[in-house]
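Here is a quick tour of a fold, written for someone who likes to check backbone torsions. Have the viewer open while you read.

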Amino acid sequence: MNPAYATVDHVFTVPLDHCAPGGPDIEVFAREVVDPARAGERLPWLLYLQGGPGGKSPRPSAGSPGWLPQALKTHRVLLLDQRGTGRSTPVTARSAARFASPAQLAAHLCHFRADAVVADAELIRRQLCGDQPWETLGQSYGGFITLTYLSQAPEGLRACYVTGGLPGLTATADDVYARTYPRVRDRVLDFYARYPDDAPRLRKIADLLAATEVRLPNGDRLTTRRLRTLGLALGMGDGFERIHWLLDESLDAEGELSDTFLHQVMALTGFTDNPLFAVMQETLYGQGAGSSRWAASRALADLPEFGEDADPLLLTGEMIYPWMFRDITGLRPFADAADLLADRADWPPLYDPRRLAVNQVPLSAIVYHDDMYVDAALSLRTAREVGGTRVWITNEWEHDGVTASAGRVLARLMDLAADRA
């Protein structure tokens, strides 16, 4: 039996700072994937830009990720571990602890935004494709990277497909969280409507955590505020069920939190595999003057319905808070550096609105009408501001529709970009 995919692993050496190529280097890993029956053919390349930040590219197996079989009908796919993730000189709690000072760590982390990922991609493209442009598929944060790519190096792109990831070109972190909290509230209430017993169960767990010191298997204290971050999962197609079945086994016969529950909560909220998700979250919106100053935390303080004593207890979503870097083992080495990043006010711009306005690279994007993470109104505004853009708006899927749709989303985006739809 032939394997589902033929793969080739690539490791590239790139500058940590592309503006200072004589300085230190890092490694960037990418996995080439092709249909074994077409491995010898000259196929167009499709670069996959993973969501995040801080997420490594998916590891392929038969039929997974869900969009890959569709892509391999026509393309040779490159699954990129963006710098700092997976096998690309990963940024971890252990590596962060080696820095001599928070300032040095913060300076290092400044080189892990979308502009650096684009520079890596262009270096890789030239090595693999020569002068030939390639196509990109950007999921969520990968769409943010796509807009940076179109701003900085459109000559490297033949066509771009974005799934749930058109960013507001001028939106600040404050703009984003003002829009995000109401969507998270509505999603949590929808979750309670589907599973009415879970609202009192979560309230009971929160009351238990307030009255008793509960430790996770790694020694971290489980608090109500950490419990609430489980809401991050609710924006995915299977998110309601994941949280429901987690809560279903939360209490043992004595009314105490079960070992199974505590282990899963530790894994889901620990950021062991992806600390950059937390560290770099608000830097996504840093452009020009102005610092984020922990925008999600400031916004939360003005929302009494999100209070820890509120009933029903509202979970939080993709927001990152400064307390996480003191309470969570996997984030503690980043704490002071994260504060410095939150205070930085001179971030280089990630998007060039004037260049994007005259863009000629075909860009097709799906906007999920009820997306909990990426505001649909901001995405549609961006679609109007970027030349060559075609948008498909739907509520058929949640944020992970490109995977959950078994290739249908990618197929239609390719048709849109090629004027076939």
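What follows covers the sheet, a helix lying across it, and some backbone details in the loops.

## The sheet

First things first: this is a predicted model. It has an open sheet of 8 strands with mixed pairing, and the strand order reads S1-S2-S4-S3-S5-S6-S7-S8. The edges are taken by S1 (6–15) and S8 (389–394); each has a single partner strand, so one side of each is left without a neighbour in the sheet. On average, neighbouring strands here are turned by 20° against each other, direction ignored.

As a reminder, strands of a sheet pair through backbone hydrogen bonds, and they do so either parallel or antiparallel. Which sense applies to S7 and S8? Strand S7, residues 363–368, pairs with S8 in the parallel sense, over 6 bridges. If you want a spot to zoom in on, try Ile366, which stands opposite Trp392 in S8.

## A helix across the strands

Which strands does helix H4 lie across? Helix H4 covers residues 114–129 and lies across S1, S2 (25–34), S3 (45–49), S4 (76–80) and S5 (134–139). Relative to S1, helix H4 runs at about 120°. One of the strands on that list, S1, is also an edge strand of the sheet.

## Cis peptide bonds

Now for the omegas. The peptide bond from Gly52 to Pro53 is cis, with omega near 10°. Pro53 belongs to the loop between S3 and helix H1 (68–71).

Ser64 and Pro65 are also joined by a cis peptide bond, and here omega is about -5°. Where does Pro65 lie? Look in the loop between S3 and H1, where Pro65 is found.

## Positive phi values

Over to the loop between helix H11 (275–280) and helix H12 (295–300), which holds Arg293. Phi of Arg293 is near 50°, a positive value in a residue other than glycine. Trp294 is found in the loop between H11 and H12 too, and its phi is near 55°, again positive in a residue other than glycine.

Are these side by side in burial terms, buried or partly exposed? Arg293 has 45% relative accessibility, so it counts as partly exposed. Trp294 has a relative accessible area of 14%; that is under the 20% cut-off, so Trp294 is buried.

Conventions: Residues are numbered from 1 along each chain as its sequence is written. This is a predicted model: local features need pLDDT of at least 70, side-chain atom pairs count only at pLDDT 80 or more; totals for chains, interfaces and linings use all residues. Side-chain values use heavy atoms; hydrogens and water are left out. Two strands pair if DSSP finds at least two bridges between them. Helices (H or I, at least four residues) and strands (E, at least two) are DSSP runs, numbered from the N terminus. Axes are lines fitted to C-alpha atoms, for helices over the stretch in contact, and angles run from 0 to 180 degrees between N-to-C directions. Contact means heavy atoms within 4.5 Å. Buried means under 20% relative accessible area, exposed over 50%, partly exposed in between (1.4 Å probe, protein chains only).
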